[in-house]
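Please read the sequence and look at the structure shown below. A short report on its fold follows.

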Amino acid sequence: MHPPAPAALRSAINAARRMLLLTAALFACALLACAQVGTGGTILGTVSDPSGASVPNVAITITNTDTNAVTHITSNDRGEYVAPDLQIGRYNVRAEAPGFKVTEQKNVLLNVGDRRDVDIKMELGRIGRAHV
C-alpha cells in the first residue's frame with residue numbers, strides 16, 4: 001500500500017482534472033457551434049405585382065452559375081419563397097407566372113451563412129418575354 005499523497009499533490013491533481021474537464025467541455029461546445037453554421041446559405045424573397053400585391057404560385061428557378069445546379073420552388077399564397085441549404089456561389093433567380101413577363105435577377109452572391117433577400121417585382125405582359 002502506498003503512503004497517502006501530500007495535500008499539495010492532491011490539490012494539484014484535482015486542479016489538473018478540473019482544467020481537463022473544462023477544456024473538454026469548451027471543445028465540445030465549439031464543435032457544436034461549428035456544426036450549426038452549415039456550409040451554404042439561403043435565398044428568399046417575396047414576389048409582387050406592379051401594385052405591390054403578392055403573387056402566389058410563381059415558379060422560381062434558382063441556378064448556381066458556377067455549377068449549373070438548379071433548384072425549383074414555388075411562391076406560397078403570400079408570394080413568399082425560400083430556398084435553404086444552397087451551396088455558396090453566384091446565382092440567377094428567375095420567376096415565371098401566367099400573365100406576367102419572365103423576370104430574372106442575375107449574379108446574386110451567396111456566402112456561407114447568408115440569408116440573401118431577392119424580392120421580385122413582376123411586370124404584366126406576355127409569357128416568355130424576359131425582363132432582366
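The report begins with the whole chain, then turns to one strand, the core and a few single residues.

**Overall make-up**

The model described here is predicted. The secondary structure of the protein consists of one helix and nine strands. Read from the N terminus, the order of these elements is α-β-β-β-β-β-β-β-β-β. The protein has 132 residues, and 28% of them count as buried. Among the contacts with a separation of 6 or more, 59% are between residues 24 or more positions apart. The protein exposes about 8,800 Å², and 58% of that area comes from carbon and sulfur atoms.

**Strand β1 and its partners**

Strand β1 covers residues 40–48. Eight of its nine residues are buried, so β1 is largely enclosed by the rest of the structure. Which strands pair with β1, and in which sense? The table gives the partners β4, β7 and β8, each with one pair of facing residues.

| Partner of β1 | Sense | Bridges | A residue pair |
|---|---|---|---|
| β4 (80–87) | antiparallel | six | G41 and L86 |
| β7 (115–117) | parallel | three | L44 and D117 |
| β8 (120–121) | parallel | two | V47 and I120 |

T42 is one of the residues of β1. Is T42 buried or exposed? Its relative accessible area is 9%, and a residue counts as buried under 20%, so T42 is buried. Apart from neighbours within four places in sequence, T42 is in contact with V82, A83, P84 and D85, and also with L110, D114, R115 and R116.

**The nonpolar core**

The largest nonpolar core has 20 residues. Those touching the most other members are I43, V47, I60, I62, Y81, V93 and I120. Two or more residues of this core come from each of β1, β2 (59–64), β4 (80–87), β5 (89–96) and β6 (102–110).

I60 shows what such a residue touches. With neighbours up to four places away in sequence set aside, the contacts of I60 include V47, Y81, V93 and I120. T71, H72, I73, S75, R94 and A95 are also in contact with I60. V47 and I120, both in contact with I60, also stand opposite each other, with I120 in β8.

**A buried charge**

D49 lies in the loop between β1 and β2. D49 is buried yet has no salt bridge. How far away is the nearest side chain of opposite charge? That side chain belongs to K121, and the distance is 6.5 Å. A salt bridge requires a nitrogen and a carboxyl oxygen within 4 Å. K121 is nevertheless among the residues that D49 touches, together with V55, F100 and M122, not counting residues up to four places away in sequence.

**Two residues with positive phi**

N68 and D85 each have a positive phi without being glycine. For N68 the angle is near 65°, and the residue is in the loop between β2 and β3 (70–74). D85 has a phi of about 60°, but its place is in strand β4.

Are these two residues buried or exposed? N68 has a relative accessibility of 58% and so counts as exposed. D85, at 72% relative accessibility, also counts as exposed. D85 appeared earlier in this report as one of the contacts of the buried residue T42.

Notes: Residues numbered from 1 in each chain as written. Predicted model: local features only at pLDDT ≥ 70, side-chain atom pairs only at ≥ 80, totals over all residues. Heavy atoms only, no water. Helix = DSSP H or I, 4+ residues; strand = E, 2+ residues; numbered from the N terminus. Buried < 20%, exposed > 50% of the residue type's maximum accessible area, 1.4 Å probe, protein only. Contact = heavy atoms within 4.5 Å. Core = buried A, V, L, I, M, F, W, Y, C linked by side-chain atoms within 4.5 Å. Pairing = 2+ DSSP bridges. Areas by Shrake-Rupley, 256 points an atom, 1.4 Å probe, with all protein chains shown as cover. Lys, Arg positive; Asp, Glu negative; His and termini not counted.
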